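Trainee: I'd like a close look at one part of this protein, the strands and the helices packed on them. Could you walk me through that, and then show me what else turns up along the chain?

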Amino acid sequence: MTDSPIENRIKQLHQLLQDYNHQYYVLDEPSVPDAEYDGLMKELIQLETSYPKLKTIDSPSQKVGGKALASFSQVTHKIPMLSLDNVFSDEEWLAFVKRITDKLLNNKSIMFCAEPKLDGLAVSLRYDNGILVQAATRGDGAVGENITENVRTIKSIPLKLIGDGFPKVIEVRGEVFMPKASFDMLNQQAIKKGDKTFANPRNAAAGSLRQLDSKVTASRNLAFYAYGVGFVGDDEITLNEQWLSDSHYKRLEQLKSLGIPMCPEVKLLDNSTLVNDFYLHILSVRDELSYEIDGTVFKVDSIGQQKKLGFVARAPRWATAYKFPAQEETTKLLDVEFQVGRTGAITPVARLEPKFVGGVTVSNATLHNQDEIDRLGIKINDFVTIRRAGDVIPQIVNVQTAKRVKEQSTLPVDEQLRDIIFPKHCPVCQSSVIRAEGEAVLRCTGGLFCGAQRKEAIKHFSSRKALDIDGLGDKLVEQLVDEQLIKTPADLFKLTELDVSTIERMGHKSAQNLINGIKIAKTTTLPKFIYALGIREVGETTAANLANYFFVLDTIKTATVEELQKVPDVGVIVAKNIVQFFQQTHNKEVVSELEAAISWPIIEEKSEEQQPLKDKVFVLTGTLNQMGRSEAKAALQALGAKVSGSVSAKTHYLVAGEKAGSKLTKAQDLGINILNENDMIALIGKYE
């Protein structure tokens, strides 16, 4: 059966528009004027409007934008989207090179893929059978937002890959950014309308990508350059490895051959000595580039070497961003305010005379802590040098003491220099403020009561490892606090179904489930209750040790620092945190209310025979299929074992589940006893 003339024309328009997009955005060789391209696009839209069944998800008409969304859904990345560590000097760069050469045991030249560091937003594009089916932001690295409809409108991103022979699934990682010309035009339009302008292209790109109406995104003229490959999948993993090059640079060229844009400034460097030349060149042409950058990025080119180097925390060992020098300006310190963070940390925030620095108007800067203020020798009304460290975070670099007026008394009182005085009580809840031994940060001690810490305290209290209140997620906690239905964890147990049902989008069934979850949480264990209080540095293990040593909460509440230090793994700092927590009147009031609402079974002292694994240190790693990680940990602890999160020479046993990683390797190197999950279950069963 042959296609109709309309179907043939639509297919012809698809191919023409895709070819023209590729020529314009990837090859930088446009072959037709804009007017001709626009005419073809108009014809395609008209045909698809008349014959909607012929409109496909890879149609070039998707670039115009579609129906507005109500909200963004979440996307879990198959392979985490990592961020980069930074270097700011030759010394730090050489230290980076030394680390990777030492790790690789290779003193020969290492090739690097060199790129400008685009000042945009990292996104992941998923192509199934060559068709763009999903786009997501980085988010927290593990989970991002689904922005597919908005990304479809970006003209430089192909909706369909060109060529053939590529794997079934390809994830392209790259940066969405707003070209300088588009940014200038957007702000000019905003000024004409009397709207607020964007501070910089990055903010404009971020705001454009997060529009619920993709038509707005389409009007913003965003662009995209690929910087790597994420998940690449087929039925046979070996096919993927064969298709992908072992060179990072060549992988980018592979993507370019499929129609994905690649930054024209990307270079392959034969060795690390050429890095400085590339860095200086990009710095010299920075203002001439059509897009904003804040540095350069250097990646070990060999994929094999990348795999050997691996990762630390949320960053790869094989790549780093070599940032440009921060831009600096002079301004005046008008005042200092003290903010209380979610963990009780009290941070001095400098209020500055507004100054335009590196594309952003800066009026605030963090002063970090008392030590930093003392180091700077800064006073209110001083003239200071500020810079955006890494072009992002405003910092006060130094005090311009030469600008100080010697005869302060000749100045009006409000212009005279004044010392910065830290508060003795929390600015939010008036609880005592402490500075823990070995720390530079002051902290509020009113953890369960303080308004600034309220949401985080309740989230922790109701979390799975604490009271595990079913139906009470983070968002609902925030709603309950914002609606002033709860102020402390104790208020949870005063909630009624009627209270909860007044919250927006909270139906009768959900309200009922939450109240039932709270009722169930009224019965717990003493270790879980102690952990739920959120005392600083008192984790699950410490909470269990406290419960098993003192047996009752009242004894813990009145214990001295010396008595607390007799508990296994409780040092002087943790002991002081516990004492200070229970000394606060507000905390004592909330704990009393909680004790009236919650119960737990009495803990009986165990004999030596009941703790056969006493003093034995276990580490769990990998996936456990028969027992959950928490269940296994609890079972071992019930037999007297200590369960640690890291492998050391003091570790007695490592339990290795499926996909055990670096902990297993370290345990093998240290000669530690390795147990599989069945071995662990047999060991537990032997003593139960």
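Mentor: What follows goes through the sheets and their helices, then a helix pair, a pocket and a cavity. Keep in mind that this is a predicted model.

Let's start with the mixed sheet. It is open and has 5 strands, in the order β2-β13-β10-β3-β9. At its edges sit β2 (86-87) and β9 (267-269), each pairing on one side only. Look at the β2 end: there β2 runs parallel to β13 (residues 319-323), with 2 bridges between them. If you want a spot to zoom in on, V87 has Y322 of β13 as its bridge partner. Now add the helices. Helix α3 (residues 90-104) packs on this sheet and touches β2, β3 (112-118), β10 (293-300) and β13. The direction of α3 makes about 175 degrees with that of β13. Helix α10 (residues 275-284) packs on the sheet too, touching β3, β9, β10 and β13. For α10, the angle to the direction of β10 is about 160 degrees.

The other sheet to look at is also open, but with 4 strands and antiparallel pairing, ordered β5-β4-β7-β8. Here the edge strands are β5 (131-137) and β8 (223-233), and each has a partner on one side only. Going from one strand to the next, the twist averages 25 degrees. Strand β4 (residues 121-128) is joined to β5 by 6 bridges, and the two run antiparallel. Within that pair, D128 stands opposite I131 of β5. Helix α6 (residues 201-209) packs on this sheet, where it touches β4 and β7 (169-177), and its direction makes about 40 degrees with that of β4. Helix α9 (residues 248-257) lies across β7 and β8, and runs at about 105 degrees to β8.

Next, the helix pair. Helix α21 (residues 572-583) packs against helix α22 (residues 585-597) at an angle of about 80 degrees, and their axes are 5 Å apart. The two are therefore roughly perpendicular to each other. On the α21 side the contact uses F581, F582 and Q583, which meet T585, N587, K588 and V591 of α22. Sorted by class, the residues of this contact are 3 nonpolar, 3 polar and 1 charged.

Then there's empty space to look at. The second largest pocket has a volume of about 1300 Å³. Its lining takes in 41 residues, and A544, N545, N548, Q637 and A638 are the ones nearest its centre. Two or more lining residues come from each of α17 (526-532), α18 (540-550), α23 (629-638) and β22 (642-644). Of these, α18 gives the most, with 7 residues. The lining of this pocket is a mix of 16 nonpolar, 10 polar and 15 charged residues.

Last, the enclosed spaces. The model has 2 cavities of 30 Å³ or more. The second largest cavity holds about 40 Å³ of space. Around it you'll find T153, I154, K155, T217, A218, N221 and L222. By class, that lining splits into 3 nonpolar, 3 polar and 1 charged.

How values were computed
Residues are numbered from 1 along each chain as its sequence is written. This is a predicted model: local features need pLDDT of at least 70, side-chain atom pairs count only at pLDDT 80 or more; totals for chains, interfaces and linings use all residues. Side-chain values use heavy atoms; hydrogens and water are left out. On a 1 Å grid over the protein atoms alone, a cavity is a set of points where a 1.4 Å probe fits but cannot get out, and a pocket is an open set with protein on both sides within 12 Å along at least five of seven lines; lining residues have an atom within 4 Å of a point. Grid points are joined across faces, edges and corners, and a volume is the space filled by probe spheres set on the points. Ala, Val, Leu, Ile, Met, Phe, Trp, Tyr, Cys and Pro count as nonpolar, Asp, Glu, Lys and Arg as charged, and the others, Gly among them, as polar. Two strands pair if DSSP finds at least two bridges between them. Contact means heavy atoms within 4.5 Å. Axes are lines fitted to C-alpha atoms, for helices over the stretch in contact, and angles run from 0 to 180 degrees between N-to-C directions. Angles under 35 degrees count as roughly parallel, over 145 as roughly antiparallel, 65 to 115 as roughly perpendicular and the rest as oblique.
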